[in-house]
Amino acid sequence: MQFLQKVLHSLNVCHHIEECLNSGGLARPDLDLSWATELLHRPTNVGLTPEMSMTEKMDLKINEVFFSIQGESSYVGHPTVFVRTTACNLRCTYCDTKYSYDLGSFRTLDNLVEEIQSYKTKFVCITGGEPLLQKNTLPLMTRLCDMGYAVSLETSGSKSTRGVDHRVKVILDVKTPESGAADSFLMENLALAQPSTEFKFVICSEGDFDWSESFCRQHELFEKYIILYSPSYGKIPESWLAEKILQKKSTARLQLQLHKYIWSPDMRGV
Ligand code: SF4
């Protein structure tokens with residue numbers, strides 16, 4: 001591990017990955033680190049020339065880019081370009097994007113922006129995996145905001161949102177006990193939240209519901225932010241969560257993953 005940290009530092013390839021390793025930020029010690037190893041052994045000059053500017057050289061490991069209907073958050077229903085980054089430091093029990101853990105290829109920001117522009121929408125969602133594991137996610141989002149895009153970021157809540165452009169709508173997960181990633185939430189993200197931040201809880205059980213209510217009340221989230229409760233797909237009925245919200249007089253919003261109802265729940269790229 002020490003060797004890995006040293007090489008990461010000397011290459012200055014990915015500060016966030018190094019930070020993750022240093023801080024023990026990986027929620028499970030048995031995680032496959034092959035994605036980090038791949039970053040380490042990647043030649044740094046592939047496709048790059050000395051004439052290229054710094055921004056031309058910035059890249060990100062991307063799992064997929066696709067155009068679909070936004071299925072979540074207050075941007076639900078908008079035709080949106082999704083940019084899914086590779087790698088995640090968590091392993092949630094209900095994860096439906098396991099294919100993003102390792103698979104992907106490096107793409108420059110210029111190349112990504114070019115593809116995003118080819119879709120006729122002003123909505124871009126940066127998702128993962130965990131987008132904040134890669135430092136170049138930040139300049140990509142700022143660049144898209146400068147271009148007039150409505151940018152949203154879906155993040156697990158386990159990595160700091162410091163440095164995220166204030167124009168970005170952050171959808172901040174708070175992992176519930178039954179997610180398998182309990183206690184992964186980084187409390188500094190509460191102080192970094194903007195008025196536009198939306199907090200998302202994936203509910204797997206009554207225990208998760210009660211835990212989420214208690215978390216929101218303890219940190220006065222209901223008063224300040226949009227709170228989204230999403231039923232863990234296939235684990236609890238949507239109607240159960242709807243009734244629970246009404247019974248308990250919660251002010252959370254019920255969120256269904258719209259794309260899973262329009263298309264097959266297992267379909268990728270939607
Ligand atoms: S944070 Fe998201 S991508 Fe990562 S394991 Fe959990 S559900 Fe999957």
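**Strands, a ligand shell and a few oddities**

Q: How many bridges hold E6 and strand E7 (residues 198–203) in their parallel pairing?
A: Strands (E, at least two residues) and helices (H or I, at least four residues) are runs taken from DSSP and numbered from the N terminus. For two strands to pair, DSSP has to find at least two bridges between them. E6 and E7 run in the parallel sense, and one of the residue pairs is Asp173 with its E7 partner Lys200. The number of bridges between E6 and E7 is 3.

Q: What kind of model is this?
A: Residue numbers start from 1 along each chain as its sequence is written. Local features need pLDDT of at least 70, side-chain atom pairs count only at pLDDT 80 or more, and totals for chains, interfaces and linings use all residues, since the model is predicted.

Q: Which residue of E6 is the bridge partner of Leu153?
A: Now look at strand E5 (residues 150–155). E5 and E6 run parallel and are joined by 4 bridges. The E6 partner of Leu153 is Val170.

Q: How many residues of strand E6 (residues 169–173) are buried?
A: A residue is buried if 20 or more other C-beta atoms (placed from the backbone) lie within 10 Å of its own, exposed if there are 12 or fewer, and partly exposed in between. On one side of E6, Lys169, Ile171 and Asp173 are buried, and on the other side so are Val170 and Leu172. E6 is largely enclosed by the rest of the structure, because the buried count is 5 of the 5.

Q: Which strands sit at the edges of the open sheet?
A: The sheet has 9 strands in the order E3-E1-E2-E4-E5-E6-E7-E8-E9, with mixed pairing. Each edge strand pairs on one side only, and these are strand E3 (105–108) and strand E9 (253–254).

Q: Which residue of E4 stands opposite Phe82?
A: E2 and E4 are a parallel pair with 4 bridges. Across from Phe82 you'll find Cys125.

Q: What face pattern do the buried residues of H6 make?
A: Thr137, Leu140, Met141 and Leu144 are buried in H6. The directions from the helix axis to the C-beta atoms give an arc. Here that arc is 95 degrees, so the buried residues line one face of the helix.

Q: Which strands and helix do those buried residues of H6 pack against?
A: Contact here means that two C-beta atoms, placed from the backbone, lie within 7 Å. The partners of the buried H6 residues are strand E1 (59–69), strand E2 (79–85), helix H5 (109–117), E4 and E5.

Q: Which residues touch the most other members of the largest nonpolar core?
A: A nonpolar core is a set of buried Ala, Val, Leu, Ile, Met, Phe, Trp, Tyr and Cys residues joined through C-beta atoms within 7 Å. The largest core has 37 residues. Its members that touch the most others are Val124, Met141, Val151, Leu153 and Ile227.

Q: How many residues are in the other core, the one with Cys88 and Leu90?
A: This core lies apart from the largest one. Tyr101 and Leu132 are also among its members. Its residue count is 8.

Q: How many charged residues are in the shell around the ligand?
A: The residues around the ligand (C-beta atom, placed from the backbone, within 6 Å of it) include Cys88, Arg91, Glu130 and Ser156. Asp, Glu, Lys and Arg count as charged; Ala, Val, Leu, Ile, Met, Phe, Trp, Tyr, Cys and Pro as nonpolar; and the others, Gly among them, as polar. The shell divides into 4 nonpolar, 4 polar and, for charged residues, 2.

Q: What type of peptide bond joins Gly128 and Gly129?
A: Most peptide bonds are trans. Gly129 lies in the loop between strand E4 (123–127) and helix H6 (137–146). With omega at about 10 degrees, the bond joining Gly128 and Gly129 is cis.

Q: Is Asp183 buried or exposed?
A: Asp183 lies in the loop between E6 and helix H7 (188–192). Its phi is positive, about 70 degrees, although it is not a glycine. Because Asp183 has 8 C-beta neighbours inside 10 Å, it counts as exposed.

Q: How far apart are the C-alpha atoms of Lys260 and Gly71?
A: Lys260 belongs to helix H11 (residues 258–262), and with 16 C-beta neighbours inside 10 Å it counts as partly exposed. Lys260 and Gly71 are 189 residues apart along the chain, yet their C-alpha atoms are separated by 8.0 Å.
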